[in-house]
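Me: I am new to this structure and would like a close look at a single part of it, namely the salt bridges. Please take me through them slowly, in one connected answer.

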Amino acid sequence: MNFENQLIFFFSALGAFNGFLLSLYFAIVAERKKFSNYFLALLLLVLSIRIIKSVFLFFNQNLFSVFIQIGLSACVLIGPALYLYTVSQAKPSKAKKWWIHIIPSLSIVIILGIVYPYLDNRKLWTTFLVKGIYFQWLLYILLTGFQLKYLLKKIASKSTKLNEVEVWLLSIFAGVSIIWLSYNIASYTSYIVGALSFSFVFYLLVLLWLFKRNKNSLFFEKKEKYENKKIDTVEVKLIIEKLTVIKGEKLFKNPNLKLSDIANQLNISSHQLSQLLNDNLGKSFSLFINEFRIEEAKQLLISSEAYTIETIGYDCGFNSKSTFFTTFKKITGTTPAKYKKEKSQKEVN
């Protein structure tokens, strides 16, 4: 083996070896035990098995057929693992029935491997079974892409930036797609291209992880918005009753009012208050507070002639005239001036 081949063997095998280690890390060692870790571990494991088979076959054409069969069979789990990892991060509920994607695919390839072993049916494998496996892999890439299409819309709109989790998911998706493409164009380039592309993609992703390590997230695993279970029904009622303090003491008139201010007033955590507003009331904190402000403004518009509309907005807790007008129209469907006029006409009539 010349020096050039030694370098190719080293870099391609090293990527597969590190993939094995990282899959073990996510399956066993990782401190933050999340269900999505197992899908990522599976993805890295089956990719590494497929790559290591390619590496040894490229440099040793007399490789045992059982290793070739295992390497090719591993491909049947790459697509499902990619899909399940993606949905477990973006839409966790869809990953609960993981066995629908794993067990049938694995069962079929095991049965075919027993009935038609690679050693005695090499032509069948290379002509039909391998193409079927790669087609299934492609279908899952397309299915995963469909789950991530909302990210493409975000990129196209340029209105909001992708967060770390979204960048990571797109990187994983792109990396697996590149590896699939590399293997499918190997007949036009070189068989080792797939293995080298894995190493290239693998180390790019590791660099991305290291670059963002200070974000304190494990491979960009998005922290669940509310890691605990929903707040107990009795506790919800108590907190909602306490929320009357906002209206009673007119805390909403403070233009710099924050979620933590209200949480401290109620003797609960900011996390609990945010969870209650989102899960039980279906409102953001800003909308919740602004509704109090608009109700107060509506009363002042009707009862007070001494204040201008702009002054009423400031008095109710808004930082600017434009914010007051925009929020008022969003909640009531009309402007403060029209609302005041309509109410005044009704009183006259």
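Reply: A salt bridge here is a side-chain nitrogen of Lys or Arg that lies within 4 Å of a carboxyl oxygen of Asp or Glu. The model you are looking at is a predicted one, and by this rule the count comes to 6 salt bridges.

A good place to begin is Glu296, which forms a salt bridge with Lys253, the closest N and O atoms of the two being 3.6 Å apart. This pair links distant parts of the chain, since Glu296 sits in helix α14 while Lys253 belongs to the loop between α11 and α12, 43 residues apart. Because the distance of 3.6 Å falls within the cut-off of 4 Å, the pair counts as a salt bridge.

Glu296 also forms a salt bridge with Lys250, and here the closest N and O atoms are 3.1 Å apart. Helix α14 covers residues 285–303, and Lys250 is found in the loop between α11 (244–248) and α12 (259–266), so this pair ties together parts that are 46 residues apart in sequence.

Which of these residues are buried, and which are partly exposed? Glu296 has a relative accessibility of 11% and therefore counts as buried, because buried means under 20%. Lys250, in contrast, is partly exposed, with a relative accessible area of 36%, and Lys253, at 26% relative accessibility, also counts as partly exposed. In both pairs, then, a buried Glu296 is joined to a lysine that is partly exposed, whether one looks at Lys250 or at Lys253.

These contacts belong to a wider arrangement, for Lys250, Lys253, Glu296 and Asp315 are linked in a network of salt bridges. When you look at the loop between α11 and α12, it may help to keep in mind that Lys250 and Lys253 are both placed there, and that each of them forms a salt bridge with Glu296.

Another salt bridge is the one that Lys283 forms with Glu291, where the closest N and O atoms are 2.7 Å apart. Lys283 counts as partly exposed, at 24% relative accessibility, and Glu291 is likewise partly exposed, with a relative accessible area of 26%. Both partners of this pair are thus partly exposed, whereas the pairs made by Glu296 include a residue that counts as buried.

Terms used: Residues are numbered from 1 along each chain as its sequence is written. This is a predicted model: local features need pLDDT of at least 70, side-chain atom pairs count only at pLDDT 80 or more; totals for chains, interfaces and linings use all residues. Side-chain values use heavy atoms; hydrogens and water are left out. Helices (H or I, at least four residues) and strands (E, at least two) are DSSP runs, numbered from the N terminus. Buried means under 20% relative accessible area, exposed over 50%, partly exposed in between (1.4 Å probe, protein chains only).
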